[in-house]
Amino acid sequence: MNSKNWQPRSSYAFVLLHKFNMLSLSAMVEPLRIANYCSGRNLYGWDFLSADGEDVDSSNGITVPTLAVSTEDVPREAVFVCGGWNAARYDSAVLFGWLQRMARSGVTIGATETGSYVLARAGLLTNHAATVHWHCHSAFRERYPGIDLNDALFVLDHQRMTCAGGVAGLDMMLQEIGKKNGRELAREVADQLLHSGIRRAELPQKEVKSRHQSAVPSALKKVIEIMEMNIEEPLTIPQVSRQLGFSQRKLERLFNRHFGCSAVAFYRTMRLQEARVLLTHTDMSVLDICIACGFASSSYFSKSYSSLFGVRPRDHRTSWPDTDPTPYWPGLSRFTKARISRRRSVESDT
């Protein structure tokens, strides 16, 4: 929190939702702090707000004191909503009304990660380009088809600033520092953060998404890209093999070597991950989601979903219940590593 005697040139407000991502918040706040440090001037100030002014728990358990938005009508450079658990279903007339008043007064309105859902529900992204974290792109498009959604690290469009989250917020704020106080200061801040280069806004999130595949052969990366593009109408593995011009046997060897599972199992898990996003971020029926994720049988879909996530699809309408101490979303790495571990165990026994 800023002292009342501290008079920054630019003031920012960060609205924290329950279980917000601490990394996303830090990535936006720390560049402002370091800009003050490097310049020796009070260039930036910031406050943490919430709908009710109570302490807000982050996803890693750190609690942040906040001010109530109803008490904060001072001019701001920008206001950012920091997305949290179940942000797609967040509903607060108090916060929505305050954000709308801020927008009418000329304040730039922004969001990070799933905070874009809050702006969309408040009607603040209509006729604007925006972005959201990659894992819920398809669900966001399903729910808000009229919003120009971009696959970008961050999007700046007519007093709207939306960010994919994580370290993308660092690049966004460095760009803002460069625009307002010069590129030299932005580069100096980046050096302090050991950030080798300020990434451009339009860079696709997929580059970030695919970094866990850095040791994977290019041919296998291409297979995964094809699978990602064919969720609703999945291809057969022989069809994928033919597209790439090599045998199904070679493809299966690649999946077993690098992921410890078959190509079919990997593809199925990818489609189940997409199903979970649609369940938790849209109001689509379970049957529609089953079809949208390429499952011809609803019973097989339910059985596969329950096996991976430990809960039936119809019982999984919130990302995480508020009673859960920490979020839990088993992904492809957990799925494949378990199989690799079992395979190595079998090999050692033999």
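Contacts between distant parts of the sequence come first: in this predicted model, residues 24 or more positions apart account for 67% of the contacts in the protein chain with a separation of 6 or more. With the whole chain of 350 residues displayed, 50% of the residues count as buried. The accessible surface is about 16800 Å², and carbon and sulfur atoms contribute 49% of it. Colouring by secondary structure will show 14 helices and 11 strands.

**First stop: the sheet**

Select β5, β2, β1, β6, β7, β11 and β10, given here in their order across an open sheet of 7 strands with mixed pairing. Strands of a sheet pair through backbone hydrogen bonds, either parallel or antiparallel. Which strands stand at the edges? They are β5 (67-68) and β10 (154-156); each has a single partner strand, so one side of each lacks a neighbour in the sheet.

Next, move to the edge formed by β5. Its pairing with strand β2 (residues 44-50) is parallel and runs over 2 bridges. To locate this pairing, select Ser50, which lies opposite Ala68 of β5.

Now add helix α5 (residues 168-181), which packs on the sheet. This helix touches β1 (10-16), β2, β6 (78-82), β10 and β11 (160-163). Between the direction of α5 and that of β10 the angle is about 35°.

**Second stop: α8 and α10**

Select helix α8 (residues 218-229) together with helix α10 (residues 248-259). Their axes come within 11 Å and cross at roughly 100°; α8 and α10 are therefore roughly perpendicular to each other. On the α8 side, show Leu220, Val223, Ile224 and Met227; on the α10 side, show Leu251, Leu254, Phe255, His258 and Phe259. These contact residues comprise 8 nonpolar, 1 polar and no charged.

**Third stop: α11 and α13**

Finally, select helix α11 (residues 263-281) and helix α13 (residues 298-309). How far apart are their axes, and at what angle do the helices pack? The axes are 10 Å apart and the angle is about 90°, which means that α11 is roughly perpendicular to α13.

To view the contact itself, display these side chains:

- in α11: Arg268, Thr269, Leu272, Gln273, Ala275, Arg276 and Leu279;
- in α13: Tyr300, Phe301, Ser304, Tyr305, Leu308 and Phe309.

The residues of this contact between α11 and α13 fall into 8 nonpolar, 3 polar and 2 charged.

Key: Residues numbered from 1 in each chain as written. Predicted model: local features only at pLDDT ≥ 70, side-chain atom pairs only at ≥ 80, totals over all residues. Heavy atoms only, no water. Axes fitted to C-alpha atoms, helices over the stretch in contact; angles between N-to-C directions. Helix = DSSP H or I, 4+ residues; strand = E, 2+ residues; numbered from the N terminus. Parallel < 35°, antiparallel > 145°, perpendicular 65-115°, else oblique. Contact = heavy atoms within 4.5 Å. Nonpolar A, V, L, I, M, F, W, Y, C, P; charged D, E, K, R; others polar. Pairing = 2+ DSSP bridges. Buried < 20%, exposed > 50% of the residue type's maximum accessible area, 1.4 Å probe, protein only. Areas by Shrake-Rupley, 256 points an atom, 1.4 Å probe, with all protein chains shown as cover.
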